[in-house]
Amino acid sequence: MDLTVVVVLVVVIALFFDFTNGFHDTANAMATPIATGAITPRVAVATAAVLNLVGAFLSTEVAKTVSGGILREGDGGAAVHPELIFAGLLGAIVWNMLTWLLGLPSSSSHALFGGLIGAAIVGSGFGAVNFPVVVSKVILPALLAPAVAGLSAFLCTRLAYALTRRYDAESGEKLTQRRRGFKYGQIFSSSLVALSHGTNDAQKTMGVITLVLIAAGLQPTGTGPELWVIAACALAIALGTYAGGWRIIRTLGAGLTDVKPAQGFSAETSTAAAILASSHLGFALSTTQVASGSVIGSGLGRRGAGVRWGTAGRIVVGWVLTLPAAGIVGAIAAWGADLGTAGFIIVTVLAVGFIAVMFVRASRQRVSHENALEVHAAGTAVDIPPKSRRRELARASRERRS
């Protein structure tokens, strides 16, 4: 098949993946401020879209990790050609769409990495994958970042409640504290998450497009993304954030109604800090995992909260399955594309047909908690009893001590 046609197809499908990444991850930044009433859904989605666009221009370290780290290309490396990258993108998009429809917690980033790795192994062997980079800049951040963000959110929530606790000077009774300032602070912290999301997730698609340009000999090995690539990816993820965020945002109310402004502010600040630090270091982490860890950590930081371990386990299963499952889909697509022009066309038609079916089914299904993302699931994983129940538990505790 003509190389120019393949390169154009890869660029188009990569930008479509970037678009799906946008509507898949809108909730990461705007779930908690919408749930607490700090910002309206329409303003939240528009703000996230604009800040994703801006964030995409602020860093290219993650893009360089994808284009020149995970897969070996050029002299001294295995042959990574555009058809393999195309197959990897198909694997990522198919898994992304399936998990979005089923409501299975997943990571767009790990779907991309899994698809590329699976396609590269089938097409060029294990030598095409730079496993030390995969471990150091993908696997380890996936394990550590959610835990670090969760711990940070836990400590920040405890600190926030401790600093704003008030007591009556005479009776010593605890006074009602509405903590309204945190609600306004959430506007800033959620915006920071949206900005940081652009610095990390948009970079991955930039890296893929740069990788295919290098593989096709249209760009020197070891160079970063060109300006037109940065602009195109920034625009794609921004449009996806705005256009696709509504379906997901509408599902968040029931799962996150227990989130209070102090918790939301703590979770968002921790999420943004983890993502920005990772972007600076070139770690291609999952922003959804980080956001989920922060939400759970902030919930546990609020006294009286518990964990619904079944829901938390479902989140972890989604995290674990994504990379290998997308890898299998990418490997199958690479095997089909390797059969020649006919195989390439068949794989493309099947993938496009599958994606179309997912969109049609999604449009027919009622939007509910069953097709929400990780941040929604993370909110339901934290069990916070109602105020009356907390009072009963406190009274029982005092009676036991006496």
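**Exercise 1. Is the crossing of H4 and H5 right-handed or left-handed? Work out how these two helices pack in this predicted model.**

Solution, step by step:

- Start by finding the helices: H4 covers residues 82–102, and H5 covers residues 108–124.
- Next, look at the geometry. The axes of H4 and H5 are 7 Å apart, and the packing angle is about 140°. The arrangement is therefore oblique, because an angle counts as roughly antiparallel when it is over 145 degrees.
- Now for the handedness: H4 and H5 cross in a right-handed way.
- Then see who meets whom. From H4, the residues in contact include Leu 84, Ala 92 and Trp 95, while those from H5 include Ala 111, Leu 116 and Ser 124.
- Finally, sort the contact by class: 11 residues are nonpolar, 6 are polar and none are charged.

**Exercise 2. Which helix gives the largest share of the largest nonpolar core?**

Solution, step by step:

- The largest nonpolar core holds 60 residues, and Ile 70, Ile 85 and Leu 89 have the most contacts inside it.
- Helices giving two or more residues to this core include H1 (3–35), H4, H5 and H6 (131–163).
- H4 gives the largest share, with 13 residues.
- Another core, of 7 residues, lies apart from this one; Ile 34 and Leu 51 are among its members.

**Exercise 3. Is Ser 298 buried or exposed?**

Solution, step by step:

- Locate Ser 298 in helix H11, which spans residues 287–301.
- Its relative accessibility is 3%, so Ser 298 counts as buried, the cut-off being under 20%.
- Leaving out residues up to four places away in sequence, Ser 298 touches Ala 153, Phe 154, Thr 157, Gln 263 and Ala 267.

Terms used: Residues are numbered from 1 along each chain as its sequence is written. This is a predicted model: local features need pLDDT of at least 70, side-chain atom pairs count only at pLDDT 80 or more; totals for chains, interfaces and linings use all residues. Side-chain values use heavy atoms; hydrogens and water are left out. Axes are lines fitted to C-alpha atoms, for helices over the stretch in contact, and angles run from 0 to 180 degrees between N-to-C directions. Helices (H or I, at least four residues) and strands (E, at least two) are DSSP runs, numbered from the N terminus. Angles under 35 degrees count as roughly parallel, over 145 as roughly antiparallel, 65 to 115 as roughly perpendicular and the rest as oblique. A crossing is left-handed if the near helix is turned anticlockwise from the far one by less than a right angle, and right-handed if clockwise. Contact means heavy atoms within 4.5 Å. Ala, Val, Leu, Ile, Met, Phe, Trp, Tyr, Cys and Pro count as nonpolar, Asp, Glu, Lys and Arg as charged, and the others, Gly among them, as polar. A nonpolar core is a set of buried Ala, Val, Leu, Ile, Met, Phe, Trp, Tyr and Cys residues joined through side-chain atoms within 4.5 Å. Buried means under 20% relative accessible area, exposed over 50%, partly exposed in between (1.4 Å probe, protein chains only).
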